[in-house]
Each structure stands twice: as C-alpha cells, then as structure tokens.
Amino acid sequence: MLEAMSLRHAQWALLAAMAGCAADDGKDSESAIELPLISPPVRAATPAGLQVPSARVYEGFAEPVLRASELRERFFSGSGPTDVMRILGEIDLRLAEVNSADRHPACVDLPPVPYTITPAGHDVELVAQCYRRFTSSMSEVAFLQFGVRDGKTSLYIAIGAARLAALIAPIAGSTDHVVDAWYGVGYNNATGCGSTGTFDDCSYALTELHANPATRGLEMAVAGVGVGFCGVQFASDGTELHGVGSSDMGSSCNERATLCVSSADLEMPAMCTSPAPYLMPAIGRRAGAGAHVFGASRYPDAPNITLDGTTSDSLYFGPKAPTPGAGDFDAAAP
C-alpha cells in the first residue's frame, strides 16, 4: 500500500506558500510539490492486533458480542473490496503520480477555494487549488483535486469503485500527519461486479476514519451492505480496542453488540475504560432494497445512511466535478 513518504522542512514551507502564506525560511517557493500520503499515518495508528493474524482471538464470554476477528477480516485482511490499506494505497498511487511530476504547476499559487462535502449528512469544509482529470470523458466522474490552507492538505478523489475525501494535518514537531477521511466503495457495482447489474450485488458502504500516529489513535465507523455490518464503530488508543455495532444478516440486522479487547493482540480482554473513546458520529444503514432486501441497522439507535444506488444516496457526499476556481494541474505552462 506504498511505503511512508514524509515532507521535509523545505516542503512544509512550500505548502505554506500554496496556502497563500509567505515562507519565512528563504526556500525556493517554485520547487516541485509533494502531497502527503494517506496510508502511512493510518498504518502507523492501526493497532497491532488488527494488522497481524493470530491463532486465537478473544471474542468475549457472552452474547451478543461484536467479534474483533470480524473487524480484522473485513477491514484489515490485506485484500478485498473493503480493506482499508488496499483502498488508501490505491489513492496514494494517484498522489504519488502528482508528486512524481516534479514541477511547480501554476495552480498551486491560486487562492484555495472552499467547498463542502456532506458525509453521513454532516458538513465538512475542504479547499481546492488544483485538479487533475483521469479521463477525457466529461460525463464520467473521475478526477482528483487538492489544496492547502493553514498548513492542512485537503483532498478529494473519485475514480473507479471508490471516492475519498481527506483532511491531512501535520503534527507539530514531527514529519507525520493526522488523517481524517471519508470514503465510499461500490460506485461501479452496477457494471463492475455481480450478476444482477445492481448496486447491492457487491460491497457498497460508507466509511469515516480518523488516525493519529502520535497518540496511536485510530477510529472507524462503517455502514453498508456486503461488509459484514449494518453499522459499526470501533476505536483504539493503542492499548484498548473498543467496538460497538450491528452485524449484517442480509434481510435483517443483529442487535447492538460491543467489544473491548487488547489492541496489541486481540487475544485477551483489556481492562476497559469508560466511556469508549469515540469521537466521530455513529453511522448505520436504513432499510432498503436493490436486487436484495436489506434491513435497518440496530446501531446507532436512529439509522442515518440511505443506500439506494442513486446519485443522491449517502455515498454521493462529494462534488461531481472539479471545484470552480481550481486550476488544471496538467495545463501547459504559460
């Protein structure tokens, strides 16, 4: 999923220039850009127990129980349509292409233009300065845009089966970053997988993610069909892994269940604190149907994600085209 790539001090000065701030270290602001990658800080914040399979995993002593092994298999197995690091690694490939251009496009000197995304119905403001199209077809949503304001990099990318928005903030005194991301999978299900030509024949889901390598904090909330959970949320502080959610039975969803285990190996119950360290809004799917009927999540108390395969459902939280005012990254130099 790509090895870690970090920004040097001179590159932070460039990012400040991109945000409209004057660099104060005398470095050349016309040097090539280097966007921070997403997967390295997320990997660094991911609990060891979710990264390395073990022979035995603690699953609790009573039902209902949320299974830690299921979280690992669904989201950290190393393969599959909902594997976090696979998805982020593919996004990083596109960011690496921008970085490898090794030039200073005119768009990075444009003022950052704000725009709003609405994952799970709440507003998040990002900015855009540059965009890059991945296809010549104006009707296909396939582009990347990015911008920097106040030292934070905003990113939105739509291509193939996934769309992702992220806000990537540098950690003071470090070359690492805090990542807040929102992404959906399954946008090309009707033509790219399954046999029914519908959105719900394969994994179709929305994910919220927060990762802070400095605190070893990782949190995710996921809701969808074909991902094992109607709605689930889990968070780790590097010591304990807490989880709560409603597992998917297809046409119905199981009762709310919880877990708390050791972040290191998932094998033994942790001495759990209360409350669990959740920061993000909980998400869960509403009842719906495509080729299949699927029930409403039992977590959270009021399901809040609509999945119907249309461009107005909850997976379509971002722009359909580059934000007006952003410049073409690939435009020829004047």
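What is the volume of the largest pocket?

## Largest pocket

In this predicted model, the largest pocket has a volume of about 270 Å³. Its lining is made up of 18 residues. Those that lie nearest the pocket centre are R86, E90, G160, A161 and A162. Two elements, α5 (84-100) and α6 (189-192), give two or more residues each to this lining. The most comes from α5, with 5 residues.

Sorted by class, the lining of the largest pocket holds 9 nonpolar residues, 6 polar residues and 3 charged residues.

## Second largest pocket

The second largest pocket has a volume of about 200 Å³. Lining this pocket are 13 residues, and E140, V141, G160, R163 and Y187 lie nearest its centre. G160 is thus named for the largest pocket and for the second largest pocket.

Two strands, β5 (152-159) and β6 (162-170), each supply at least two residues of the lining of the second largest pocket. By class, this lining has 6 nonpolar, 4 polar and 3 charged residues.

## Nonpolar cores

The largest nonpolar core contains 49 residues. Within this core, I38, V42, F75 and V84 have the most contacts. The largest share of the core comes from α5, which provides 7 residues. Helix α5 therefore appears both in this core and, with 5 residues, in the lining of the largest pocket.

A second core is separate from the largest one and has 28 residues. Among them are Y131, W182, A223 and F294.

Conventions: Residues numbered from 1 in each chain as written. Predicted model: local features only at pLDDT ≥ 70, side-chain atom pairs only at ≥ 80, totals over all residues. Heavy atoms only, no water. 1 Å grid on protein atoms, 1.4 Å probe; cavity = no way out; pocket = protein on both sides within 12 Å on 5 of 7 lines; lining within 4 Å. Points joined across faces, edges and corners; volume = space filled by probe spheres on them. Helix = DSSP H or I, 4+ residues; strand = E, 2+ residues; numbered from the N terminus. Nonpolar A, V, L, I, M, F, W, Y, C, P; charged D, E, K, R; others polar. Core = buried A, V, L, I, M, F, W, Y, C linked by side-chain atoms within 4.5 Å. Buried < 20%, exposed > 50% of the residue type's maximum accessible area, 1.4 Å probe, protein only.
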